[in-house]
Amino acid sequence: MREVFSTLEADQDLSHANTMALPSLAEYLWRARNERDVGQGLQLANERGWDLTVLGGGSNLLLPRRIGGLTLCADIDEIAFSSGAGDAVHVEVGAGVGWHSLVEACVERELWGIENLALIPGRVGAAPIQNIGAYGVEIADVLDWVELVDRRDGKSHRLDREACELGYRDSIFKRELANQVVITRLGLTLSSRPRPRLDYGALSQHVGVSGSAREVFAAVCAIRREKLPDPSDLPNTGSFFKNPLVSGSQASRLLSEFPAMPHYPQADGRVKLAAGWLIDQCGLKGYRQGAFGVHDRQALVLVHFGGGVLAELLAFAGRIVDAVHARFAVTLEREPRCVGER
Ligand SMILES: Cc1cc2nc3c(=O)[nH]c(=O)nc-3n(C[C@H](O)[C@H](O)[C@H](O)COP(=O)(O)OP(=O)(O)OC[C@H]3O[C@@H](n4cnc5c(N)ncnc54)[C@H](O)[C@@H]3O)c2cc1C
């Protein structure tokens, strides 16, 4: 039992472990360096009947003042590359590796597939949870499998991509498997042959003549730095709301009233709207109340000026949801989850 308790820490301050900088204390924190450690942490939580919170980089999770039970970090920090058939290169990576460090390591090897996902904060283990995406690429495009330890049987399992049920900012880990599993490793397949994806937004205008993976990476970093506040300067969780999907008929009604409204028809007939535009049209860009505000350059990002708590943030976000609903009859959904929430 002594060994089991060797990495268990009580009353750990997590205010610097979440990018919204919300004040939070973990009742117990467990840092797991490998799969065995993860299994031990889960066993302990089961024996004590503790709630489980899995924490990565805290860039898409909203923390309450106190998190009861066990907060577990999967600090598995390994990357291995191996050649596959043809141009394929397989990457096996531990959940604790920083996502941007992984992108950098792949780009340094001139591997293609995740260069558009540069500068997304957080760790590898969280990447499949909401199927991270940016600039026309999602992790679903390169993911082969996810390894995890399941709280219910304490065993390691490997799920292939189909079993992960990846969708827009969604996966099985947000639904049936929410708060049940700890992701420990991912398998990705990248390509050594150039496969630039420059069709999204202004990316192609920023990429130079050589068009190498490093150049695409640098262009994505430059655009993101210009557009998004750095959480270490101004705490935030990136996009606070998902881009809403509405029916084709609702989109047509809205377009007749707001012809300039950005809209993106989807394969299933629905239409994706730009949540940032809707918020901006309500005159809320730069709006501040107390400790929280809407960023003055990117209306999709809520920022924390300091001294606020989760309840105030949720009340602030609720006012934005109400304003958008009153003007457009569209309901915005929050992207980051609160601890314990599905
Ligand atoms: C400035 C900024 C920009 C962003 N830009 C983007 C973007 O372009 N595209 C995008 O998709 N996202 C973006 N995000 C959101 C965020 O970076 C991603 O969702 C990221 O994958 C979260 O990683 P994390 O390690 O911080 O996860 P956390 O916030 O710690 O956790 C997120 C969720 O995953 C769960 N989780 C974490 N690790 C594990 C694990 N090992 N096993 C099981 N469950 C786990 C948590 O319980 C939680 O439910 C942005 C965030 C910020 C702050």
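The accessible surface of the protein chain adds up to about 15,600 Å², and 48% of that belongs to carbon and sulfur atoms; areas here come from the Shrake-Rupley method with a 1.4 Å probe, and for residues only the protein chains shown count as cover. This is a predicted model, where local features need pLDDT of at least 70, side-chain atom pairs count only at pLDDT 80 or more, and totals for chains, interfaces and linings use all residues. Residues are numbered from 1 along each chain as its sequence is written, and side-chain values use heavy atoms, with hydrogens and water left out.

Of the 342 residues, 49% count as buried, where buried means under 20% relative accessible area, exposed over 50%, and partly exposed in between (1.4 Å probe, protein chains only). As for overall shape, the C-alpha trace spans about 65 × 50 × 35 Å along its principal axes. The radius of gyration is 21 Å, which agrees with the value near 20 Å for a compact globule of 342 residues; it is taken over C-alpha atoms, and the globule rule is 2.2 Å times the number of residues to the power 0.38. On the charge side, there are 37 positive and 43 negative side chains, with the centres of the two sets 3 Å apart. Lys and Arg count as positive and Asp and Glu as negative, leaving out His and the chain ends; each charge is placed at NZ of Lys, CZ of Arg, CG of Asp or CD of Glu.

The chain holds seven helices and 20 strands, which are DSSP runs (helices H or I, at least four residues; strands E, at least two) numbered from the N terminus. Among contacts (heavy atoms within 4.5 Å) between residues at least 6 apart in sequence, 64% join residues at least 24 apart.

M20 gives a good example of such a long-range link. This residue lies in the loop between β1 (8-13) and β2 (25-32), and it counts as buried because its relative accessibility is 0%. Its C-alpha atom is 4.5 Å from that of P235, although the two residues are 215 apart along the chain. Beyond neighbours within four places in sequence, M20 is in contact with P235, N236, T237, F240, L302, H304 and L313.

S24 sits in the loop between β1 and β2 too, and is buried, with a relative accessible area of 4%. Its side chain reaches the backbone oxygen of P64 at 2.7 Å. Leaving out residues up to four places away in sequence, S24 touches Q12, D13, L14, S15, L63, P64, R65 and I67.

Further along, α2 (99-108) is mostly covered, with seven of its ten residues buried. These are W99, H100, L102, V103, A105, C106 and V107, and what covers them includes β6 (79-83), β7 (88-94), β12 (181-191) and α4 (213-227).

The backbone does something less usual just after α2. Most residues other than glycine have a negative phi. E110, just after α2, instead takes a positive phi of about 55°. E110 is placed in the loop between α2 and β8 (133-134), and is partly exposed, given its 27% relative accessibility. N131 is found in the loop between α2 and β8 as well, and has a positive phi of about 50° although it is not a glycine. N131 counts as buried, at 0% relative accessibility.

How values were computed
Polar contact = N/O pair within 3.5 Å; in protein donor to acceptor, adjacent residues only side chain to side chain.
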